[in-house]
Amino acid sequence: MATINRNYRKLAAGYLFPEIGRRTRAFQQANPEAVMRRLGIGNTTEALSPTVIAGLERGVRKLADVRTYTGYGDEQGNGELRAALSAFYARGGVTVNPDDIFVSDGAKPDSSNIQSIFGVDNVVAIQDPAYPVYVDSNVISGRTGEMDEASGRYDRFVYMPCSEENGFFPAVPDGKVDLIYLCSPNNPTGAVATHDQLAQFVQYARNVGAVIIFDASYSEYISDPDLPKSIYEIEGADTCAIEINSFSKFAGFTGVRLGWTIVPEALAAEDSLPGEIRRMWLRRQTTFFNGASNIVQEGGLAVLSDEGLRECHQMIDYYMENAHIIREGLQSIGLTVYGGDNAPYLWLKTPNGMSSWDFFDKLLNETWVIGTPGSGFGPAGEGFFRLSAFGHREDVEAAVASIVERLQL
Ligand SMILES: *Cc1c(COP(=O)(O)O)cnc(C)c1O
C-alpha cells in the first residue's frame, strides 16, 4: 500500500490568505455598500513596459520562422541572458560568472527547491517573520519536528527574531546552524540588511561551514547607494552563499515567470569540495526542470537592456511613490511604520498593543481596507501588520484616505 509524505501534516494549515478571504467575504456580505480597498497583496499591478513587450513579441516571432525556431534550450538558460545577467551584476561592481547562473521560472520555485541538494539532517535557521516558502519547503522535506502550538515554532528550526530592537534584521545565531535563509530587502518587514550585517553572516557561515540562501527578489527596490543589492558585494560570500533573484517584482513578471539562482563554483559544504554543489544544482535542474520559456527569456533580455532597465525603474519608482504615500498617511495619524524606503512593504506596528488579527478586523470594519496580519509570517510578526505598495495609485490613495479619515485611535 502506498503511504504519504506525512511531513505535510506538520504544516500549519495554509491559514493566512484563506482566512483573510473568509473574513473579507463575511464583512462584504454583511455590508454590501462597503467598497473594499486592498493594501495587502504581494502582487504587481502595472502593465509591462513597451521595451519588455517588444522583447516578448520578438520571442514569439522567432518561433514562427523555421530559421529562428528553437525547442528545448540550454538547460541553465539562454547563454545571452546569462551573459546579460552577469553584465548587470558587473555594473554593480560584482563579478558573477555566467556559468554559475541558473535561469529558472521564478524565485519561489528555486527557494523551495534549493534545500533538496542539502542533507536532511541540516539545522535550518530562518528569520522570524519570514516568507513562508523557506519554512514550508524544509518542513515538507523533514528537517523539522512538529509545530509547537503555543509558540508557533517548529521543533529543530532555529528562529532569528526580527524586531524593533534589532531594526528587523537579526544577529547571527548563537550556536551552529547549517542552512541560513536571509531575505533582503525583506518580505514582510521591508527591512534591508546593511553591508556590515551581511558581512557578519558571511563571517559566521565561513567559520561554522554554513550555507546562506540569500533571497534578493526585491534588490532593485533599493535606492540607497550604501545598501548592498547582492550578497556577493561581501568579500568571501561566493564560498558560502547562494543567491536567488527574480524578474517578478523587478519587471512585473509575476505572471510571466522568470528568475535566476547563482550557485558559485567556489561554494562548498562541510563534506564537499568547491564545485560539487554547483554541479548538484545543475543535476537537480536538468533532472526535474526543462528550462524557462524561450519567449519569456527574450523578455528577460529586454528587461536588461538599457531602455528596459530605465522603464522598469520607472515602474519601481511608481510603486515606491505608493509606499511613500502610505507611510506619510499613516504617520500623519500617529501610527508607527517601518520599511517602505528601499522595499515595497511597510511594516506597521499595531496601535495599543493589539494583536495582528484584531487590527485586521478593526481596519476592515472601520476603513474597509484589507492588509495582512504580521503573525501570519511567523510568531515574531505578532503585533505587526504588512501593507503593500503594489497597487494602482488611485486605489492606494483611496485606501490611505479612508484610514486617515475613519480609523479610530
Ligand atoms: C514575490 C517573492 C518572490 C518571487 O517569486 P517568483 O516565483 O519569482 O514570482 C520570491 N521571494 C520573495 C520573498 C517574494 O516576496
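How far does a polar side-chain atom of aspartate 215 lie from a nitrogen atom of the ligand? The separation is 2.7 Å, in a model that is predicted. The legends below begin with the whole chain and then turn to the ligand and to individual residues.

**View 1. Overall fold of the protein, with 12 helices and 15 strands.** The radius of gyration is 21 Å, close to the 22 Å that the globule rule gives for 409 residues, so the protein is as compact as a globular protein of that length. Taken along the principal axes, the C-alpha atoms fill a box of roughly 60 × 55 × 50 Å. Buried residues make up 53% of the 409 residues, and the protein exposes about 17,700 Å², of which carbon and sulfur atoms supply 51%. Among contacts with a separation of 6 or more, 73% are made by residues 24 or more positions apart.

**View 2. The ligand and the shell of 15 residues around it.** Tyr218, Ser246, Ser248, Lys249 and Arg257 come nearest to the ligand. Three of the polar approaches can be followed in this view: a polar side-chain atom of aspartate 215 lies 2.7 Å from a nitrogen atom of the ligand, an N or O atom in the side chain of serine 248 is 2.6 Å from a ligand oxygen atom, and a polar side-chain atom of arginine 257 lies 2.6 Å from an oxygen atom of the ligand. Of the 390 Å² of accessible area that the ligand has on its own, the protein covers 94%. By class, the shell has six nonpolar, five polar and four charged residues. Helix 4 (107-113) and helix 7 (248-251) each supply at least two residues of this shell, and helix 4 provides the largest share, with three residues.

**View 3. Arginine 257, a residue beside the ligand with a positive phi.** Arginine 257 is found in the loop between helix 7 and strand 10, and its phi is about 80° although it is not a glycine. Most residues other than glycine have a negative phi. With a relative accessible area of 30%, arginine 257 is partly exposed, a value that falls between the limits of 20% for buried and 50% for exposed residues. Its side chain takes part in the ligand shell through the polar atom that lies 2.6 Å from a ligand oxygen atom.

**View 4. Threonine 261, a buried residue in strand 10 (residues 259-262).** The relative accessible area of threonine 261 is 0%, and its side chain makes a polar contact of 2.7 Å with the side chain of aspartate 110. Leaving aside neighbours within four places in sequence, threonine 261 is in contact with Asp100, Ile101, Phe102, Asp110, Ile242, Glu243, Ile244 and Trp281.

**View 5. Two cis peptide bonds that lead into prolines 129 and 185.** The bond from aspartate 128 to proline 129 is cis, with omega near 5°, and proline 129 lies in the loop between strand 3 (124-128) and helix 5 (132-140). A cis peptide bond also joins serine 184 and proline 185, where omega is about -10°; proline 185 lies in the loop between strand 7 (179-183) and helix 6 (195-208). Most peptide bonds are trans.

**View 6. Arginine 156, a residue with positive phi in the loop between strand 5 (153-154) and strand 6 (158-161).** Phi of arginine 156 is near 85°, a positive value in a residue other than glycine. At 35% relative accessibility, arginine 156 counts as partly exposed.

**View 7. Serine 355, in the loop between strand 12 (345-349) and helix 11 (356-367).** Serine 355 is partly exposed, with a relative accessible area of 24%, and its side chain reaches the backbone nitrogen of aspartate 358 at 3.0 Å. Leaving aside neighbours within four places in sequence, serine 355 is in contact with Thr350 and Glu382. Glycine 381 is 26 residues away from serine 355 in sequence, while the two C-alpha atoms are 9.7 Å apart in space.

Notes:
Residues numbered from 1 in each chain as written. Predicted model: local features only at pLDDT ≥ 70, side-chain atom pairs only at ≥ 80, totals over all residues. Heavy atoms only, no water. Near = heavy atom within 4 Å. Polar contact = N/O pair within 3.5 Å; in protein donor to acceptor, adjacent residues only side chain to side chain. Areas by Shrake-Rupley, 256 points an atom, 1.4 Å probe, with all protein chains shown as cover. Helix = DSSP H or I, 4+ residues; strand = E, 2+ residues; numbered from the N terminus. Nonpolar A, V, L, I, M, F, W, Y, C, P; charged D, E, K, R; others polar. Rg over C-alpha atoms; globule rule 2.2 N^0.38 Å. Buried < 20%, exposed > 50% of the residue type's maximum accessible area, 1.4 Å probe, protein only. Contact = heavy atoms within 4.5 Å.
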